[in-house]
Amino acid sequence: MQYLGEIISLTVAFSWTITALCSEVASKRLGALQLNVFRMLLSMLLLSATLWIFTGSPFPLYADGKTWLWLILSGVVGYVLGDYCLFNAYVLIGSRFGQLFMTLAPIAAAFSGWFILGERLSLQAVFGMIVTVTGIGMSVLNKGTTRKVGLKLPLKGVLFGIGAGVGQGVGLVLSKVGMKYYALAIPTDMDNVANLLPFASTFIRAIAGLVGFVVVMAVRKEFGAMQVALKDRKGVNAAIGATLTGPFIGVSLSLMAVQYTEAGIASTIMALTPVFILWPAYMLFKQRVTAKEIIGVIISVVGVSLFFL
């Protein structure tokens with residue numbers, strides 16, 4: 001089928017839009033920490049079932065020490081730091097602006113790839129960074145009565161948004177290193193295991209995320225809040241929706257998309273989530289959207305595309 005990869009990529013962008021909306025509802029009802037613990041547990045169950053069906057084992061096979069080390073680091077940075085910041089951003093500034101700050105992830109990935117892997121930063125990538133940051137600035141800054149430029153959002157929410165984008169980008173690079181070691185550890189005749197490598201890697205990352213969130217919960221003595229949160233039926237349903245459309249369906253389809261089209265095209269289409277979320281955020285949450293914000297979002301997405309095209 002022609003353009004199958006592009007259609008799948010578009011589906012991923014819609015899926016992640018649903019993830020963001022459900023996560024905003026779940027974060028506000030359950031709490032960001034409680035949502036992350038629930039989400040890690042459910043995603044681990046789904047990933048384990050997938051591995052069991054296709055590899056015969058509910059746990060990652062052939063992963064060596066280096067694989068575990070790098071993927072655990074990725075889970076701590078990407079999940080414990082990145083997702084904790086993201087879901088707190090949803091609470092403070094909403095999923096619409098939270099997703100906008102996620103366009104910072106390619107910038108963080110580019111810098112960490114340069115620092116960790118020695119990857120070259122092209123002029124096009126640097127220009128993409130400038131365009132992306134410009135678009136974000138247009139969306140979150142405004143002029144006050146004294147004509148001074150200021151934030152239209154709570155500073156804490158903006159910091160959480162930045163932390164989410166940075167955590168996502170750096171976590172992605174750490175995952176890349178871990179998956180490279182994992183691929184080398186898998187025997188050449190085990191194609192069924194190799195094909196499920198991204199899912200097995202995500203499972204290891206989820207273990208690190210779950211342990212990290214439980215430690216944070218223990219330090220903050222919020223286990224009681226977890227019990228209360230699980231009694232909130234609407235919050236739990238939203239959390240299930242966020243998990244199914246995000247770590248499970250979204251990730252699975254994104255891996256499928258790059259099999260049918262170029263990775264750059266797929267990544268650019270999947271980065272359209274901040275655009276797609278504008279209308280449902282307005283309809284569901286009555287969040288007013290200005291023309292300047294729409295232009296800022298589009299500019300940010302164009303900046304992201306420069307990293308991949």
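Student: Before we look at Leu117, what do buried, exposed and partly exposed stand for?

Tutor: Happy to start there! Buried means under 20% relative accessible area and exposed means over 50%. What lies in between is called partly exposed.

Student: Thanks! Is Leu117 buried, exposed or partly exposed?

Tutor: Keep in mind that this is a predicted model. Leu117 is found in helix α4, which covers residues 105-117. Its relative accessible area is 32%, and because that lies between 20% and 50%, Leu117 is partly exposed.

Student: Which residues make the nonpolar surface patch, and what is its area?

Tutor: Leu117 is one of its members. The others are Phe111, Trp114, Phe115 and Ile116, and the patch comes to about 520 Å².

Student: Let's step back to the whole chain. How many helices and strands does the protein chain have?

Tutor: The chain has 309 residues, and buried residues make up 52% of them. Its secondary structure comes to 14 helices and two strands.

Student: What is the radius of gyration of the protein chain, and what would a compact globule have?

Tutor: The C-alpha trace spans about 65 × 50 × 40 Å along its principal axes. For 309 residues, a compact globule would have a radius of gyration near 19 Å. The chain agrees with that, because its own value is 19 Å.

Student: Among contacts between residues at least 6 apart in sequence, what share joins residues at least 24 apart?

Tutor: Contact here means heavy atoms within 4.5 Å. Among the contacts you describe, the share that joins residues at least 24 apart is 84%.

Student: Is Thr243 buried or exposed, and which residues does Thr243 contact?

Tutor: Thr243 has its place in helix α10, residues 233-260. With a relative accessible area of 0%, under the 20% limit, Thr243 is therefore buried. Leaving aside neighbours within four places in sequence, its contacts are Arg39, Leu42, Ser43, Leu46 and Phe248.

Student: What distance should helix α8 span, and how far apart are its end C-alpha atoms?

Tutor: Helix α8 holds 23 residues, 197-219, and each counts for 1.5 Å. The expected span uses one less than the number of residues, so α8 should reach 33 Å. Its end C-alpha atoms agree with this, lying 33 Å apart.

Student: What comes after α8, and what is its phi?

Tutor: Lys221 follows α8. The phi of Lys221 is positive, near 55 degrees.

Student: How many salt bridges are there, and which residues are linked in a network?

Tutor: Side chains of opposite charge can pair when their charged atoms come close. The count comes to seven salt bridges. The network links Arg96, Lys152 and Glu293.

Student: How many residues apart are Asp232 and Arg29?

Tutor: Their side chains meet in a salt bridge, 3.1 Å from N to O. Asp232 sits in the loop between α9 and α10, while Arg29 belongs to helix α1, so the pair links distant parts of the chain, 203 residues apart.

Student: Which of Asp232 and Arg29 is buried, and which is partly exposed?

Tutor: Asp232 has a relative accessible area of 17%, so it is buried. Arg29, at 42%, is partly exposed.

Student: And which residue forms a salt bridge with Glu222?

Tutor: Glu222 counts as buried, because its relative accessibility is 19%. Its partner is partly exposed, with a relative accessible area of 42%. The closest N and O atoms are 3.0 Å apart, and the partner is Arg220.

Terms used. Residues are numbered from 1 along each chain as its sequence is written. This is a predicted model: local features need pLDDT of at least 70, side-chain atom pairs count only at pLDDT 80 or more; totals for chains, interfaces and linings use all residues. Side-chain values use heavy atoms; hydrogens and water are left out. Patches are made of residues with over 30% relative accessible area and no salt bridge: like charges are joined within 9 Å, nonpolar side chains (Val, Leu, Ile, Met, Phe, Trp, Tyr) within 5 Å. Accessible areas come from the Shrake-Rupley method with a 1.4 Å probe; for residues, only the protein chains shown count as cover. A salt bridge is a side-chain nitrogen of Lys or Arg within 4 Å of a carboxyl oxygen of Asp or Glu. Helices (H or I, at least four residues) and strands (E, at least two) are DSSP runs, numbered from the N terminus. Buried means under 20% relative accessible area, exposed over 50%, partly exposed in between (1.4 Å probe, protein chains only). The radius of gyration is taken over C-alpha atoms; the globule rule is 2.2 Å times the number of residues to the power 0.38.
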